[in-house]
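Me: I have a structure open and would like to go through it piece by piece. Could you start with one loop and work outwards from there?

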Amino acid sequence: MTFRNQAPPLKLQGNFKFTPPQILTMPNGCKLLVVSQGDVDVCRVDLLFNAGSRYQNQKLVANGTFSLMSEGTAKHTSQQISEHFDYWGSFTGFGADKDYAKATAYSLTKHLDPTLDMMHEIVTCPLYPVDELNEWKRRRKQSLAVELEKASTKSRIGFFNALYGEEHPYGAFAIPSDFELIEQNSLMHYHKQFVGSKNCTIVLSGRVSDAHIAKVQSVFGSDSWGDAGQSNGNQIAEHQGNEQSVFIEKVDALQSSIRVGRKLFTRSHPDYPDLAVVSTILGGYFGSRLMKNIREDKGYTYGIGSYFLTFKDSGALVISTEVGEQFTQQTLHEITKEIKLLQNEPVGQDELLRVQSYLMGEALRSVNGPFAIADNVLSLFYFNNLDFEFYNNMVNLIKSITPNRIMEIANKWLQVDDLVRCVVAKSNPF
Amino acid sequence: MVNFDRFSLDNGLRVIVHKDTSTPLVSVNLLYNVGSKHEHPNRTGFAHLFEHLMFGGSVNIPNYDEPIELASGMNNAFTSTDITNYFITLPKGNIETAFWLESDRMLSLAFSQKSLDVQKSVVIEEFNQRYLNQPYGDVWLLLRPLAYRVHSYRWPTIGKKPAHISSATLDEVKSFFYSNYGPNNAILCITGNVETDKIKALSQKWFGDIPKRNIVRPDIAKEPKQTQQRRLEVKRKVPFNSIYIAFHMCNKLHPDYPATDLLSDILSNGKSSRFFQSLVKQQQLFNSIDAFITGDIDEGLFVITGRPVDGVSLAQAEKAVFAELKQLSQELADDYELRKVKNRFESTFTFGLTSATEKALNLCYHELLGDANMLNQVVKKYRDVTPNDIKRVANELFTQENSSVLHYIAE
């Protein structure tokens, strides 16, 4: 007889151990981190540079320098380069974030050699041909213009503008006309300044053998390449924002796009793990309070979430949702209500156990497979100076957090008066 | 090679087990053979609305998500024109929680009015968010009924319009459940470090006593051959003009399916592809252009979408696309080009097998098509395509009479 109203017994997940990558310092000084795992013959190579948009003096230069790397070298045209990667079934990505820039290649391990050889050529001697630059401007300008039509894009930009200021790299966004100002020289110069073995860390992940590691070493690790020196981060002036409520009108909006949150701290801050738990309880999983209230009880939205966004030198908590236009006010009200509830009433044991169990599962899922582990190595590199104990400590803190500590953290960091709200809607809710 | 074991229960539930020792997690994938193509034309969006209701509690378990969260699991689902698919990933030690929850909601739902009311509202917001409140979001609401006249692919999974969703009643929901959801209309796949014997026992224990159901639904009419080009022009508040062209193509099991898929890759997979090199780079007529197949089980669509450069008319753009297509139907693609798209296909396919969740879904899906082992023959079928196949299929597909053209004009 099967008792369907009785849950099968659970095994609580106790053991989590983040396995650090193998770390090699190559002859040219460049660091190689190897995640050797998986049962399928595929791999990925990431070349990381301290070269994100925070270092640029003109909008889109960091992005352009990386996006256009594969558009022509002294030996190969843009078309030959894409033929090469497509023929070997390799997939590449080049781009710049706020803090870091990255060149990535996914490859079948059997085709790693030709993939790496071309990657080397692209990264070390791109020419930035003017024709390719112009075509890139034309195309990207149009796609940015479409992107900027979306309510969700407008509210994201409005929110981060308010949080960091439009001049701060974390609050700055390009507009289509910025593309017109980009010149070949600025890209060449940025490349010279920031792309080189002294400013590079490499992550190799997948089902890789010693031969694959040796190949990466011989291509990127023997001689020093590029003129760039090591860049350790520039100083960014603090922005003192005073806008707490931002309204952006969109006359034809069927839904209002809402962002609520505040500027916080980096992942190295001692309160980070506990606040990450608080953010999860509030809106970080399907069973979160905001999802239960705004979606599953009231049906105002398809989804609502809160997440902790980290930068190298800052961090932000963001609550984000798109709601039926007629529910804007109520949603803002309910968000405030849920935050105050976290500050004033202890979380029940059932809910706490559920969120802890869920987060333990997330920890396991985040190290499931070589590329997931590599992603974590990347973010440890970005935000924690490769402190490989970070995730182990985090898991321990998740397991030991108490209802009182949750209230304390919610009171310390989520005061409603400190929150910035940005709404893109038909009419002003403020 | 993805190895697996396979067995069936007496009630018709098919179960597939794939052992993957590289992960401490298991994936539990449950595919129901019901999609938006099985809906009544006046009640569209129902399969998808129903997917939402499957999370509203079942006959013996008031809440679906909380026990999964307690078991350190995560779960989700999606609905397509052909199927509704539910999946859970959780630590191996808690696998029985997944059997308990999935079997109870296969047995019967709670059918609460409150859950129905809330999910109708959630789905209407999803309709708004993804289709109506996005630039170019309504394209599939326009293109499908242009290309299909009788087949139920003529509406998208979200439904024809929000009103079909808002008027759904609890009785309709119940009848949809009992005529579509049942062990004999489902395929279960478990991937992870598991033993088939143990999965057999668990399957029998939790699913074995669920009765077979009488699966009844409207017949799906076969789309007649299109004999004349169809055209539609709409004006919308968007920043740029766009063009969409759809051609009818073969079904998923047809021998020409791989050739048709590779044809779309020759045109637009990767930056070395023909559309990108010719129409974007050399002729500078488009800023973006893409070709893809919808991948449906019944006769699907080969779709081209493009956004021309400022100053290039949609008529000019359309002419250039057809010229490019004509080349494929007149000249043989060379061996190198074909080998390139096959390599790229193999690579994409191999990367797809790195996740236990994807493997579980793919095994279920191929079992639905007829045999899970077809998953292991996919690459070979693509490798066997010849330049002549490509030319022949291009000839059949790319005719004016077989096309539906949508001009989406910026107001």
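Reply: Let us start with A:Asn385, which is found in the loop between α12 (370-384) and α13 (390-400) of chain A. Please keep in mind throughout that this is a predicted model.

Me: OK, is A:Asn385 buried or exposed?

Reply: A:Asn385 counts as exposed, because it has 11 C-beta neighbours inside 10 Å, and the cut-off for exposed is 12 or fewer. Its phi is near 55°, a positive value in a residue other than glycine.

Me: And over in chain B, what is phi of B:Ser72 near?

Reply: Phi of B:Ser72 is near 60°, again a positive value in a residue other than glycine. B:Ser72 lies in the loop between α2 (65-70) and β4 (74-79) of chain B, and B:Ser72 is buried, with 28 other C-beta atoms within 10 Å.

Me: Before going further, what does the model score for ipTM and pTM?

Reply: The model scores ipTM 0.92 and pTM 0.94. For chain B, the mean pLDDT is 96, with 100% of its residues at 70 or more.

Me: Now the interface: how many residues of chain A are in contact with chain B?

Reply: On the chain A side there are 56 residues, and they are in contact with 59 residues of chain B. The elements of chain A that give two or more residues to that side are α2 (78-87), β5 (101-108), α4 (130-147), α9 (289-297), β9 (301-310), β10 (315-324) and α11 (349-365). The largest share, eight residues, comes from α11(A).

Me: What's the split into nonpolar, polar and charged there?

Reply: The chain A side of the contact divides into 21 nonpolar, 18 polar and 17 charged residues.

Me: You listed α2 of chain A; how many of its residues are buried?

Reply: Seven of the 10 residues of α2(A) are buried, so that the helix is mostly covered. Those residues are A:Ser78, A:Ile81, A:Ser82, A:Glu83, A:His84, A:Phe85 and A:Asp86. They pack against β4 (91-96), α3 (112-124) and α4 of chain A, together with α12 (335-352) of chain B. After α2(A) comes A:Gly89, whose phi is positive, near 65°.

Me: Switching topic, which residues touch the most other members of the largest nonpolar core?

Reply: That core has 184 residues, and the ones that touch the most other members are A:Val45, A:Phe49, A:Ala51, A:Ile202, A:Leu204, A:Val277 and B:Cys364. If we leave out residues up to four places away in sequence, A:Ala51 touches A:Ala62, A:Ala96, A:Tyr100, A:Ala101, A:Phe194, A:Val195 and A:Asn199. There is also a second, separate core of 46 residues, which includes B:Ala147, B:Leu285, B:Phe302 and B:Leu406.

Me: Where is A:Cys30 found?

Reply: A:Cys30 is found in the loop between β1 (22-25) and β2 (31-36) of chain A, and it counts as buried, with 23 C-beta neighbours inside 10 Å. Leaving aside neighbours within four places in sequence, A:Cys30 is in contact with A:Ser197, A:Cys200, A:Ile202, A:Phe220 and A:Gly221.

Me: A:Phe220 and A:Gly221 look helical to me; what do the buried residues of that helix, α7(A), pack against?

Reply: They pack against β2, β3 (42-49), α3 and β6 (200-206) of chain A. The buried residues of α7 (210-221) are A:His212, A:Lys215, A:Val216, A:Val219, A:Phe220 and A:Gly221.

Me: Back to chain B, then. Which residues of α11(B) are buried?

Reply: In α11(B), the buried residues are B:Ala317, B:Ala320, B:Val321, B:Leu325 and B:Leu328. They cover an arc of only 130° around the axis, which puts them on the same side of α11(B). On the other side of α11(B), B:Ala315, B:Lys319, B:Ala323 and B:Gln330 are exposed.

Me: And what does the buried side pack against?

Reply: The buried residues of α11(B) pack against β8 (242-248), α9 (257-268), α10 (274-282), β9 (286-293), β10 (301-308) and α15 (387-397) of chain B. In α15 you will find B:Ile390, which counts as buried with 23 C-beta neighbours inside 10 Å. Among the residues that B:Ile390 touches are B:Leu328, B:Ala259 and B:Leu262.

Definitions and conventions: Residues numbered from 1 in each chain as written. Chains lettered and ligands numbered in written order. Predicted model: local features only at pLDDT ≥ 70, side-chain atom pairs only at ≥ 80, totals over all residues. Contact = placed C-beta atoms within 7 Å. Helix = DSSP H or I, 4+ residues; strand = E, 2+ residues; numbered from the N terminus. Nonpolar A, V, L, I, M, F, W, Y, C, P; charged D, E, K, R; others polar. Core = buried A, V, L, I, M, F, W, Y, C linked by C-beta atoms within 7 Å. Buried ≥ 20, exposed ≤ 12 C-beta atoms within 10 Å, placed from the backbone. Arc of directions from axis to C-beta. pLDDT = per-residue confidence, 0-100.
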